[in-house]
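Here are my notes on this one, point by point. Have the structure open while you read.

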Amino acid sequence: MSSRLSAEQRSALALLIGADMNGVTETIMLARGFTREMLAFLVRKGLATARWELVKAGGSTIEVGRFRITAAGRRAIES
């Protein structure tokens, strides 16, 4: 699988590998230049997961997306 990953996809997975158990927020991924389409591709291929949660911030409730790498994603980037 790794030979079919673009440099951008490999870079996104590398960022996720370095994340703690909470994963990386969508905001951070987008700020690093990754597109929603590319992140959706990683999720569709089973290389990452996305989870949306409600978080209280400054008296408001906002929806935050978090991405985590899967075992398949780890194998893809390590091979």
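1. Let's start with a question: which residues of helix α1 (residues 7–17) are buried? Keep in mind that we are looking at a predicted model. In α1, the buried ones are Gln9, Ala12, Leu13 and Leu16. Looking down the axis of α1, these buried residues fall within an arc of 95°, so they line one face of the helix.

2. And what covers them? The cover over the buried residues of α1 includes three helices, α2 (26–31), α3 (36–44) and α4 (71–78), along with the strands β1 (24–25), β2 (48–57) and β3 (60–69).

3. On the overall layout, the protein chain has four helices and three strands. Read from the N terminus, the order is α-β-α-α-β-β-α.

4. Now the dimensions. The radius of gyration of the protein chain is 13 Å, which agrees with the value near 12 Å for a compact globule, because that is what 79 residues would give. Along the principal axes, the C-alpha atoms fill a box of roughly 45 × 20 × 20 Å.

5. On packing, 34% of the 79 residues in the protein chain count as buried. Among contacts with a separation of 6 or more, 55% come from residues 24 or more positions apart.

6. Last, the surface and the charges. About 5,000 Å² of the protein chain is exposed, and carbon and sulfur atoms supply 53% of that. The chain carries 12 positive and 7 negative charges, and the mean positions of the two sets lie 5 Å apart.

Note on methods
Residues numbered from 1 in each chain as written. Predicted model: local features only at pLDDT ≥ 70, side-chain atom pairs only at ≥ 80, totals over all residues. Heavy atoms only, no water. Helix = DSSP H or I, 4+ residues; strand = E, 2+ residues; numbered from the N terminus. Rg over C-alpha atoms; globule rule 2.2 N^0.38 Å. Buried < 20%, exposed > 50% of the residue type's maximum accessible area, 1.4 Å probe, protein only. Contact = heavy atoms within 4.5 Å. Areas by Shrake-Rupley, 256 points an atom, 1.4 Å probe, with all protein chains shown as cover. Lys, Arg positive; Asp, Glu negative; His and termini not counted. Charge placed at Lys NZ, Arg CZ, Asp CG, Glu CD. Arc of directions from axis to C-beta.
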